[in-house]
Amino acid sequence: MATIKNIIFDLGGVVINLDIPRTISEFEKLGIARFCNVFSQLAQTPLFDNFDRGLISEDEFFNSIKTQFNLKQPIAELERAWNAMLLDFPGHRLEQLRAYKQRYNTFLLSNTNTAHIRVFEKDLSDTHSVANLEPFFHKVYYSCAIGLRKPDPEIFEFVLRGNGLKPEETVFIDDTLMHVEAARTLGIKALHLPKGEEFKGLLDTILD
């Protein structure tokens with residue numbers, strides 16, 4: 001069996017705690033009935049995909065939601081609802097990431113957008129005194145910056161090719177099964193992290 005040299009981490013639900021139902025609930029409080037029909041962890045409409053891919057700006061995104069659902073609240077209220085899903089970065093996970101970085105080539109691969117990045121980077125600064133996630137990985141990839149999004153195979157190929165990684169020497173860990181399955185089609189050893197579990201426990205079962 002090939003020796004593992006590389007680890008690719010998802011962000012939400014793996015590194016940062018995430019509560020997507022909170023965002024759904026907050027939007028429903030603003031007047032969008034059954035917001036889960038247009039956005040969830042497993043599926044979302046093209047508006048959200050385009051925002052994650054960086055194809056539309058924050059103004060376009062929030063104004064589209066406001067117009068589509070005939071909301072009267074200011075944009076700041078929509079931003080607050082959208083970011084409600086973002087919780088905390090447990091300190092022990094950040095320390096574990098530093099330790100893995102000493103032994104492996106480590107990468108972050110996240111479906112995210114500029115609104116979320118701004119909020120979680122502020123939390124990192126306020127809580128852990130670091131400006132961003134770059135100190136914890138050899139390279140950070142955000143979907144909105146590269147125009148690609150999981151589970152499309154192209155995003156995994158982009159990371160592999162850009163860093164000269166062999167799939168059989170690479171582990172990918174994500175809390176969304178469809179992303180895991182997509183990575184596996186390329187020969188990556190992909191692991192699904194069940195809700196409530198820690199990535200260290202899962203990774204330590206397969207790493208040297």
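**Figure 1. Phe158 is partly exposed, at 31% relative accessibility.** The model is predicted. Phe158 pairs with Tyr141, whose relative accessible area of 5% makes that residue buried. The ring centres of Tyr141 and Phe158 are 5.9 Å apart. Their planes stand at 85°, over the 60° cut-off, so the pair is edge-to-face. Tyr141 belongs to strand β3 (residues 139–142). Phe158 belongs to helix α8 (residues 153–163). The pair therefore ties together parts that are 17 residues apart in sequence.

**Figure 2. Phe61 and Phe62 form an edge-to-face pair.** A search of the whole structure gives 16 aromatic pairs. In the pair of Phe61 and Phe62, the ring centres lie 5.0 Å apart and the planes meet at 70°. Phe61 is buried, with 0% relative accessible area. Phe62 is buried too, at 1% relative accessibility.

**Figure 3. Five residues make up one aromatic cluster: Phe9, Tyr100, Tyr104, Phe137 and Phe199.** Phe9 also appears in the largest nonpolar core, among the residues with the most contacts inside that core.

**Figure 4. Helix α1 packs against helix α4.** Helix α1 spans residues 20–29, and helix α4 spans residues 75–83. Their axes are 7 Å apart and cross at an angle of about 150°. The angle is over 145°, the cut-off for this class, so α1 runs roughly antiparallel to α4. From α1, the contact takes in Thr23, Glu26 and Phe27. From α4, Leu78, Arg80, Ala81, Trp82 and Asn83 meet them. By class, the contact comprises 4 nonpolar, 2 polar and 2 charged residues.

**Figure 5. The largest nonpolar core holds 49 residues.** Phe9, Leu133 and Leu203 have the most contacts inside this core. Helix α6 (residues 114–128) supplies the largest share, 4 residues. Apart from this core lies another, of 16 residues. Its members include Phe107, Leu160, Ala183 and Ile188.

**Figure 6. Leu133 and its contacts, leaving aside neighbours within four places in sequence.** Leu133 touches the leucines Leu11, Leu94, Leu108 and Leu124. The aromatic residues in contact with Leu133 are Phe89, Phe120 and Tyr142. Val140 completes the set. Leu133 is one of the residues with the most contacts inside the largest nonpolar core.

Terms used: Residues are numbered from 1 along each chain as its sequence is written. This is a predicted model: local features need pLDDT of at least 70, side-chain atom pairs count only at pLDDT 80 or more; totals for chains, interfaces and linings use all residues. Side-chain values use heavy atoms; hydrogens and water are left out. Rings of Phe, Tyr and Trp (its six-membered ring) pair if their centres lie within 6.5 Å; planes under 30 degrees apart count as stacked, over 60 as edge-to-face and the rest as tilted. Buried means under 20% relative accessible area, exposed over 50%, partly exposed in between (1.4 Å probe, protein chains only). Helices (H or I, at least four residues) and strands (E, at least two) are DSSP runs, numbered from the N terminus. Axes are lines fitted to C-alpha atoms, for helices over the stretch in contact, and angles run from 0 to 180 degrees between N-to-C directions. Angles under 35 degrees count as roughly parallel, over 145 as roughly antiparallel, 65 to 115 as roughly perpendicular and the rest as oblique. Contact means heavy atoms within 4.5 Å. Ala, Val, Leu, Ile, Met, Phe, Trp, Tyr, Cys and Pro count as nonpolar, Asp, Glu, Lys and Arg as charged, and the others, Gly among them, as polar. A nonpolar core is a set of buried Ala, Val, Leu, Ile, Met, Phe, Trp, Tyr and Cys residues joined through side-chain atoms within 4.5 Å.
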